[in-house]
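Me: I'm new to this structure, and I'd like a close look at a single spot. Please begin there and then show me what else is worth knowing, in plain language.

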Amino acid sequence: MRVPILQQGGYLIASVQSSLSDEELLQLRDDLVARVSTVRARGVVIDVTVLDVMDSFATRILRDIAQMIKLRGAPTVVVGIQPEVALAMVQLGLSLGNLETALDLEEGLTLLGEHTKAD
Amino acid sequence: MAKNNETKSKAENKEDEAKYPNIPGQPPDESTATLLRELVAHLRQKRSELREEWANRIQEAELLTAMTKEEILAEATSVYDNYVEALETGTYEALQSYARNLSERIIPRGVETHEVIGIVLLLRDVLARSLFAKYRDNFSKLNRILDAYEPAANRIANTVSVGFVQERERVIREQQEAIRELSTPVLQVRERLLILPIIGIIDSKRAQQLTEQLLQGIRKNRAKVVVIDITGVAAMDEKVANHIVQTVDAARLLGAGVIVTGLSTEIAQTLVTIGVDLTKIITVGDLQGGIEEAERKLGYQVQQVDPTKS
Amino acid sequence: MKNKFESKKPESRSRWKNFPIKSDKDLVEIRAYGRKLAREIGFNSNDQTLIATALSEVCRNIIEYAGTGKIIIETAQGSSRGISITAHDHGPGIKDIEKALEEGFSTGRGMGIGLPGCRRIMDQFQINSQAGKGTVVSMHKWVDKNGY
Ligand SMILES: Nc1ncnc2c1ncn2[C@@H]1O[C@H](COP(=O)(O)OP(=O)(O)OP(=O)(O)O)[C@@H](O)[C@H]1O
Ligand SMILES: [Mg+2]
């Protein structure tokens, strides 16, 4: 299933719905990158609350997405990482690099709001 | 127990003999199994008399003082029946699970290990005396009966006391765990700010619990900043230090920033020498300074929230 | 290459399942099974997540470097409770295992995290590989040991 992308204010919100296949994640990357340019989004939130595993592939693609979106002038925030998933990621040695994170969607939007103000 | 009372076929008797091998020097016509059967019949016949005597002896010896006479008699009856059954069948599972169950019930009432061993030895004694009374006119038979009885009785005593000790250890372990959890509170000092004061010695198990509690606490309190104060940590090795670094990273993935306070220069130096990367961690001298820094971060964010947004 | 697990597996006690790996579609099912088995064995939810993540990594390596293979997940043998995972493939093999276990080393598009990460989060970890023949990665985790 294609991950739905909502538009709210100047932001794009992608809520991952269920355990994601690789194809769907790559599709999400392409969709987001395209949408950011067409709607001139001020920021992107990716909600991964439902993911119960984040492996090296998922991490790498999320980082790629943020990078590509940044090149188009918008910040990305990943929200909803579960405590166990966070612990597994750091124990495996995975890092989201400079990608910003927040507790949930609401926090993510607040964070983007702060960025926009600061810019 | 009914299944064990059925008359046994020849083949089953053979099996019994294999379980209780003949002791050398015994008349070949009288196997240990036969003796034990005779013994079991005697113990069943004298059931009420013997268990009453046992209960009395328990009270005289001032064992199980936490229990009433009726309770002691009730437990004595169950133990007695299980005991006889173990003698009869040579299997200890039923007795073992009864011993565990009994221990579970009496441990919370403060019954001590020596009391449990004491009552089992008393039962052994009561039964041996009764055998002595029955067979005192036939001394060689008495000896043979006792020879058959002793090893089985020892094993039973062993089973019961080991069951008790294991149960007791389990209870103690659980209590220790509960205490451990109590001693690592995650405190909320103000909205969105948590403090995790770590005190004492951290082993790997506790480090794990600390992390889990902190991450759950971040979610529950929607914390944005966490101050981990390690002033009270007795010693820090590479493992623990790396664990703290991981905790900081994990908290960040949930969207919370972490400030570590109370890291002495000596410890910091040692950690750097053994290769722990502290550069990604914000450290502030003491807890007070850490809280101020955290509030600055939160305050900065509060000021930045634009009321006209969304 | 000898399949160690199948040759010495006693029939009775261990529960196990063999997953043929063909594409990334297999990931979802294998992670779900690994998590479920881990939970039934008695692992806490953190460990369940670690086990599912390790499975994901070895599964990805099979798809990425060998194309196809299989993964066996089973309850550990011996007296302590635990889980064993063995990933087999007949792919190109790993020339320099030491190197492959270095963090950051990758011959593909990856970050070089999978194998060293699995070694860190599991209690036992071993690679047998022969260039041109294939690779076997076997790893174990015990319930009562505290992993770092
Ligand atoms: N099953 C395999 N067959 C052949 N080579 C392998 C196999 N698994 C791993 N390798 C080799 O070992 C290297 C390291 O593997 P590892 O999983 O640690 O990192 P990666 O797959 O390159 O990146 P990441 O896992 O972070 O996405 C790979 O780049 C590859 O060269
Ligand atoms: Mg890999």
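Reply: B:R222 is partly exposed, because its relative accessible area is 26%; buried means under 20%, exposed over 50%, and partly exposed in between, with a 1.4 Å probe and protein chains only. This is a predicted model, in which local features need a pLDDT of at least 70 and side-chain atom pairs count only at pLDDT 80 or more, while totals for chains, interfaces and linings use all residues. Residues are numbered from 1 along each chain as its sequence is written, chains are lettered from A and ligands numbered from 1 in the order in which they are written, and side-chain values use heavy atoms, with hydrogens and water left out.

Back to B:R222. It sits in the loop between α9 (204-221) and β3 (225-233) of chain B. Those labels are DSSP runs numbered from the N terminus: helices are H or I runs of at least four residues, and strands are E runs of at least two. The backbone at B:R222 has a positive phi of about 50°, although this residue is not a glycine. B:R192 is also no glycine and has a positive phi, of about 70°. You'll find B:R192 in the loop between β1 (187-190) and β2 (193-200) of chain B.

Now for helix α10 of chain B, residues 238-253, where B:N242 is found. B:N242 has 31% relative accessibility, so it counts as partly exposed. From B:N242 to B:D277 you go 35 residues along the sequence, yet the C-alpha atoms are 8.3 Å apart. B:I244 lies in helix α10 of chain B too. With a relative accessible area of just 11%, B:I244 is buried. Its C-alpha is 9.7 Å from that of B:I281, and the two are 37 residues apart in sequence.

Let's hop over to chain C. It has 5 helices and 5 strands, in the order α-β-α-α-β-β-α-α-β-β. Half of it is tucked away: 50% of its 148 residues count as buried. Follow helix α3 of chain C, residues 45-66. This 22-residue helix reaches 31 Å from its first C-alpha to its last, close to the expected 32 Å; that expected span is 1.5 Å times one less than the number of residues. Of those 22 residues, 16 are buried, so α3(C) is largely enclosed by the rest of the structure. C:N44 caps its N-terminal end, with a side-chain oxygen 3.1 Å from the backbone nitrogen of C:N46. Just past the helix, C:G67 has a positive phi of about 85°.

What about ligand 1? Residues from chains A and C surround it, so the site is shared between chains. There are 20 residues around the ligand, and the nearest are C:N61, C:Y65, C:S106, C:T107 and C:I113; a residue counts as near if one of its heavy atoms lies within 4 Å. Sorted by class, the shell holds 8 nonpolar, 10 polar and 2 charged residues. For that sorting, Ala, Val, Leu, Ile, Met, Phe, Trp, Tyr, Cys and Pro are nonpolar, Asp, Glu, Lys and Arg are charged, and the others, Gly among them, are polar.

Some polar contacts stand out here, a polar contact being a pair of N or O atoms within 3.5 Å; within protein, one must be able to donate a hydrogen and the other to accept it, and residues adjacent in sequence count only if both atoms are side-chain atoms. A polar side-chain atom of A:S56 is 3.2 Å from a ligand 1 oxygen. For C:T107, a polar side-chain atom lies 2.5 Å from an oxygen of ligand 1. C:M111 contributes a polar backbone atom, 3.2 Å from a ligand 1 oxygen. Taken alone, ligand 1 exposes 590 Å², and the protein buries 94% of that; the areas come from the Shrake-Rupley method with a 1.4 Å probe, and for residues only the protein chains shown count as cover. Two elements of chain C, α3 and α5 (114-121), give two or more residues to the shell.

Finally, chain A has 4 helices and 5 strands, and 58% of its 119 residues count as buried. Its pLDDT averages 92, and 98% of its residues score at least 70; pLDDT is the predictor's confidence in each residue, from 0 to 100.
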